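Morning, everyone. Please bring up the model on your screens, and we'll walk through it together.

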Amino acid sequence: MIGKRQSVREFQTRQLDESVLNGFVRYEREMLALYPDIPYQLEVTCNINERHGSGLFAVKAPYYISFLTEESQEAYLNTGYVMEELSLYLAAKGIGTCYQGLLKVCKEKNGLKEVLVMAAGYPQKYLYRTDKTIKRLPLNKLCVFKEEPSSELMTILKAAVLAPSSLNGQPWRFVVYNNRVHVFMQKVNTKIPAMQRMRMIDIGIALNHMMITAEELWVEAELKEIDNISNQSFKNNRYITSLFLKS
Ligand SMILES: Cc1cc2nc3c(=O)[nH]c(=O)nc-3n(C[C@H](O)[C@H](O)[C@H](O)COP(=O)(O)O)c2cc1C
């Protein structure tokens with residue numbers, strides 16, 4: 001699904017099957033979040049009979065799935081991480097999705113803020129990517145290779161850079177060793193809070209691709225922040241976390 005998925009922006013006006021809607025409840029219960037202690041809630045809004053939500057660049061869709069959580073760097077990483085796993089799950093079930101960075105549907109509930117919305121529904125045309133070329137930066141523009149990565153780590157990096165991101169900004173940068181990689185976020189010159197939030201969400205999405213791929217390869221992977229890197233300041237990048245492969 002990581003290789004096949006694309007953003008879907010045209011949908012059929014039709015309800016999701018009951019089994020899919022039930023799947024959301026199960027998914028919310030069973031999903032292993034990046035930060036399990038950060039509270040979150042998924043809210044599904046049906047748009048078929050009544051139009052909900054407003055915001056720039058919004059895509060018209062039969063469903064909007066809102067992610068409500070706290071407002072912090074970790075909560076935004078968690079948002080991308082959880083939402084991407086849901087998006088890949090839905091793609092596997094024949095349902096298209098498109099993130100909606102600026103759309104507001106339910107704003108706030110139970111003290112949690114709506115930080116991301118995802119449009120969802122059965123696609124009008126193509127669910128999966130049809131063109132062979134995918135608009136992503138090549139690995140050598142995103143990685144500094146300090147050592148030759150293991151074949152598993154290389155596969156994980158290739159999955160990371162396929163992640164969708166806001167305005168296709170691809171803010172992830174990597175410093176790569178044989179069996180570990182330090183993940184950075186490219187700094188941008190913006191004071192707009194929504195931009196900062198979305199870039200953090202983007203990184204959470206890429207981290208999800210990395211962990212799913214590790215699991216698929218049957219290698220044990222752990223994400224851990226390294227104190228002596230997080231204490232340092234870098235000119236163009238901000239340190240986020242490191243992924244370790246256990247042999
Ligand atoms: C956090 C986030 C916010 C996004 N917001 C929007 C949006 O408001 N409208 C839209 O049409 N696409 C939005 N996108 C989709 C991106 O434009 C898309 O993922 C990117 O261009 C890569 O294309 P692909 O998903 O087809 O691979 C968003 C993506 C992310 C990750």
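Let's begin with a term. A nonpolar core is a set of buried Ala, Val, Leu, Ile, Met, Phe, Trp, Tyr and Cys residues joined through C-beta atoms within 7 Å. Buried means 20 or more other C-beta atoms within 10 Å of a residue's own; exposed means 12 or fewer, partly exposed is in between, and C-beta atoms are placed from the backbone.

This is a predicted model: local features need pLDDT of at least 70, side-chain atom pairs count only at pLDDT 80 or more, and totals for chains, interfaces and linings use all residues. Residues are numbered from 1 along each chain as its sequence is written.

Now the core. The largest one has 58 residues, and Met118, Ala160, Ile203 and Met210 touch the most other members. H5 gives the most, 10 residues. Helices (H or I, at least four residues) and strands (E, at least two) are DSSP runs, numbered from the N terminus. Domain 1 (18-121) and domain 2 (139-246) both contribute, so this core lies between them. Those bounds come from an automatic or database domain assignment.

Next, the ligand. Which residues come nearest? Of the 19 around the ligand, they are Ser7, Tyr99, Gly101, Pro164 and Asn168. Near means a C-beta atom, placed from the backbone, within 6 Å. Strand E3 (96-100) and helix H5 (193-216) each supply at least two residues of this shell. H5 gives the most here, with four. Both domains give residues to the shell, so it lies between them.
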